[in-house]
Amino acid sequence: QSMTRKVKLGSNVDLKTVSKMTPGYVGADLSTLLKEAGLIGVKRIVTENPSNEPEQISEEIVALSETDFELAIQKVQPTAKREGFAVIPDTTWEDIGALIELRKELEISIILPISDPEKYNEYGIQAPAGVL
């Protein structure tokens with residue numbers, strides 16, 4: 001929210017949705033994403049207003065849309081992926097075997113707070129900072 005403070009966002013932009021679409025993005029990546037969405041928004045405005053008359057451009061057209069962010073996400077790659085640090089393991093929960101209790105604890109501590117943070121907030125539960 002702090003990065004978009006000076007940017008006009010359309011009514012259809014949900015920052016929670018944008019944040020879920022940008023896992024692994026750091027502050028610099030989000031800044032680049034915002035700039036790219038801005039460029040895409042400018043191109044959209046120019047194509048939607050071929051007469052180039054500023055008086056004919058509505059407030060909603062000038063605002064960045066959800067589509068602008070979706071197109072920008074396709075162009076902006078997180079730093080971690082560019083540097084080769086992000087590796088998706090091919091190990092599945094089925095490969096882990098007999099550690100059922102540990103698996104349940106890891107799912108509750110790590111996976112659920114990330115995949116469904118609204119449920120944690122709804123019950124007032126703070127997600128753990130980490131697992132040792």
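The protein chain exposes about 10000 Å², of which carbon and sulfur atoms supply 58%. The model is predicted. Of the 132 residues of the protein chain, 22% count as buried. The secondary structure consists of eight helices and zero strands, so that, by the run-based assignment of helices and strands, the elements read α-α-α-α-α-α-α-α from the N terminus on. Among the contacts in the protein chain with a separation of 6 or more, 66% are accounted for by residues 24 or more positions apart.

Several of these contacts can be followed at individual residues, beginning with Tyr25. This residue is placed in the loop between H1 and helix H2 (27-48). Tyr25 counts as buried because its relative accessibility is 14%, a value under the 20% limit for that class. When residues up to four places away in sequence are not counted, Tyr25 touches Leu30, Ile73, Val76 and Pro78. With Val76 there is also a polar contact, in which the side chain of Tyr25 reaches the backbone oxygen of Val76 at 2.7 Å. The loop residue Tyr25 is further paired in space with Thr79: the two are 54 residues apart in sequence, yet their C-alpha atoms lie 7.0 Å apart.

A second set of contacts involves Ser65 and Asn12. Ser65 lies in the loop between helix H3 (59-62) and helix H4 (66-75), whereas Asn12 is placed in the segment before H1. The two residues are 53 positions apart in sequence and 6.4 Å apart in space, C-alpha to C-alpha. Ser65 counts as buried because its relative accessibility is 15%, under the limit of 20%. Asn12, by contrast, is partly exposed because its relative accessible area is 44%, which falls between the limits of 20% and 50%. Leaving aside neighbours within four places in sequence, Ser65 is in contact with Asn12, Val13 and Arg44. Under the corresponding exclusion of residues up to four places away, Asn12 touches Ser65 and Glu66. The side chain of Asn12 also reaches the backbone nitrogen of Glu66, at 3.4 Å. Asn12, from the segment before H1, thus has both a contact with the loop residue Ser65 and a polar contact with Glu66.

The second largest pocket has a volume of about 240 Å³. Its lining is formed by Lys16, Ser19, Lys20, Pro23, Ile114, Pro117, Glu118 and Asn121. Helix H1 (15-20) and helix H8 (117-122) each supply at least two residues of this lining. By character, the lining residues divide into three nonpolar, two polar and three charged.

Among the lining residues of this pocket is Ser19, which lies in helix H1. Ser19 is partly exposed because its relative accessible area is 44%, between the limits of 20% and 50%. A polar atom of the Ser19 side chain lies 2.7 Å from the backbone oxygen of Lys16, and Lys16 is likewise one of the residues that line the pocket. Ser19 and Leu30 are eleven residues apart in sequence, with a C-alpha to C-alpha distance of 9.4 Å. Leu30 is also among the residues touched by Tyr25.

Key: Residues are numbered from 1 along each chain as its sequence is written. This is a predicted model: local features need pLDDT of at least 70, side-chain atom pairs count only at pLDDT 80 or more; totals for chains, interfaces and linings use all residues. Side-chain values use heavy atoms; hydrogens and water are left out. On a 1 Å grid over the protein atoms alone, a cavity is a set of points where a 1.4 Å probe fits but cannot get out, and a pocket is an open set with protein on both sides within 12 Å along at least five of seven lines; lining residues have an atom within 4 Å of a point. Grid points are joined across faces, edges and corners, and a volume is the space filled by probe spheres set on the points. Helices (H or I, at least four residues) and strands (E, at least two) are DSSP runs, numbered from the N terminus. Ala, Val, Leu, Ile, Met, Phe, Trp, Tyr, Cys and Pro count as nonpolar, Asp, Glu, Lys and Arg as charged, and the others, Gly among them, as polar. Buried means under 20% relative accessible area, exposed over 50%, partly exposed in between (1.4 Å probe, protein chains only). A polar contact is a pair of N or O atoms within 3.5 Å; within protein, one must be able to donate a hydrogen and the other to accept it, and residues adjacent in sequence count only if both atoms are side-chain atoms. Contact means heavy atoms within 4.5 Å. Accessible areas come from the Shrake-Rupley method with a 1.4 Å probe; for residues, only the protein chains shown count as cover.
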